[in-house]
Amino acid sequence: MKIGNREFDVNGKCHIMGILNVTPDSFSDGGKWNNVDVALRHAEDMIRDGADIIDVGGESTRPGHTVISDEEEISRVVPVIEMIKDNFDVPVSIDTYKSNVCEAALKAGADLVNDIWGFKHDYRVAELTARYGAACCLMHNRDNNDYDDFMTDFISDMKECVSIADRAGVSRDKIILDPGVGFGKNLQQNLQVTNHVDQLVKLGFPVLLGTSRKSMIGLTLDLPVDQRLEGTLATTVIGIMRGCSFVRVHDVKENRRIIDMSEAILAS
């Protein structure tokens, strides 16, 4: 799979998407990187520690988050994307579900569109992704957690995301799917979709697992957000064993080590 100018082996290898939230209110690291120079240094640290993609987000999407204007979000992400592209040879992802933000980010050099609504919130995001030849990550999401049969409905929802991408002209070799841990699901559903993420892998697209420091871990282990590293690492190992090609994480160094160790064992 090609993202930006880099080819990714998505068969039997797991790659890291490093999280760079340039926001004041993200659930885990809000306010830490919302300055261009500080953000650039953090991107450099993540690349050094083994990040393969840097995911730039300008609006918190935690439960109960405050929606900001397109203009505010653009002003946060575009300078950071431009600085990363000017200084590093690494693919950059834009974490947004808004077409105006998506277009500004793609013009600034973003290589991948990471849409938490899987193209269902704003169909123009799919059209822009196709027009710019960008890769995309389509995440499962709902505004409720009412399902007739959870895994059946979940797979059906994901197929709908792919259909939207198809209609917009997005090349299938540019699509990544994300099970959406923490979105439109209760705790048991989050645990279930993590354990059975291989059912999503069977659709034939690379899968990204994003569990880093999330409430599933906090609720399971009864731990605050700054003590969820070990829980995150456990989910990364499960993801590798279930066939995931990407993980989206805050703690790059530790995840890089556990991925390398897990892959060495699985390859033996």
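How many salt bridges does the count come to in this structure? The model you are looking at is a predicted one, and the count comes to 18 salt bridges. Let us walk through some of them and then move on to a pocket, two helices and a pair of backbone angles.

A good place to start is Asp52, which forms a salt bridge with Arg256, with 3.4 Å between the closest N and O atoms. Asp52 sits in the loop between helix 1 (36-49) and strand 4 (53-57), while Arg256 belongs to helix 10 (residues 252-266), so this pair ties together parts that are 204 residues apart in sequence. Both Asp52 and Arg256 are buried.

Next, look at Lys98 and Glu59, a salt bridge whose closest N and O atoms are 2.7 Å apart. Here, too, distant parts of the chain are linked: Lys98 is in the loop between strand 5 (92-95) and helix 3 (99-108), Glu59 is in the loop between strand 4 and helix 2 (70-87), and the two are 39 residues apart. Lys98 and Glu59 are both buried.

Strand 5 itself brings us to Asp95, which pairs with Arg248 in a salt bridge with a closest N to O separation of 3.2 Å. Since Asp95 lies in strand 5 and Arg248 in strand 10 (residues 246-249), the pair ties together parts that are 153 residues apart in sequence. Are these two residues buried or exposed? Burial means a relative accessible area under 20%, so Asp95 at 9% counts as buried, and so does Arg248 at 15%. Salt bridges can also share partners, and in that way Arg6, Asp52, Arg256 and Asp260 are joined into one network.

Now to the second largest pocket, with a volume of about 250 Å³. It is lined by 17 residues, of which Val10, Asn11, Gly12, Lys13 and Gly243 are the closest to its centre. The lining is made up of ten nonpolar, five polar and two charged residues.

Gly243 also leads us to helix 9, as this glycine comes just after that helix and takes a positive phi of about 100°. Helix 9 (residues 229-241) has 13 residues, which at 1.5 Å a residue should span 18 Å; the end C-alpha atoms are 19 Å apart, so the two values agree. Its buried residues are Gly231, Thr232, Leu233, Thr235, Thr236, Gly239 and Ile240. What covers them includes strand 9 (208-209), helix 8 (215-221), strand 10 and helix 10.

Helix 2 can be read in the same manner. Its 18 residues reach 26 Å from the first C-alpha to the last, close to the expected 26 Å. Glu73, Arg76, Val77, Val78, Val80, Ile81 and Ile84 are buried in this helix. An α-helix has 3.6 residues a turn, so residues three or four places apart point the same way. The cover over the buried residues of helix 2 includes strand 3 (15-21), helix 1, strand 4, strand 5 and helix 3.

Finally, a look at the backbone. Most residues other than glycine have a negative phi. Phe119, however, has a positive phi near 75°, in the loop between strand 6 (112-115) and helix 4 (124-132). Phe119 is buried, with a relative accessible area of 0%. Arg213 also has a positive phi, near 60°, and lies in the loop between strand 9 and helix 8. With a relative accessible area of 17%, Arg213 is buried.

How values were computed:
Residues are numbered from 1 along each chain as its sequence is written. This is a predicted model: local features need pLDDT of at least 70, side-chain atom pairs count only at pLDDT 80 or more; totals for chains, interfaces and linings use all residues. Side-chain values use heavy atoms; hydrogens and water are left out. A salt bridge is a side-chain nitrogen of Lys or Arg within 4 Å of a carboxyl oxygen of Asp or Glu. Helices (H or I, at least four residues) and strands (E, at least two) are DSSP runs, numbered from the N terminus. Buried means under 20% relative accessible area, exposed over 50%, partly exposed in between (1.4 Å probe, protein chains only). On a 1 Å grid over the protein atoms alone, a cavity is a set of points where a 1.4 Å probe fits but cannot get out, and a pocket is an open set with protein on both sides within 12 Å along at least five of seven lines; lining residues have an atom within 4 Å of a point. Grid points are joined across faces, edges and corners, and a volume is the space filled by probe spheres set on the points. Ala, Val, Leu, Ile, Met, Phe, Trp, Tyr, Cys and Pro count as nonpolar, Asp, Glu, Lys and Arg as charged, and the others, Gly among them, as polar. The expected span of a helix is 1.5 Å times one less than its number of residues. Contact means heavy atoms within 4.5 Å.
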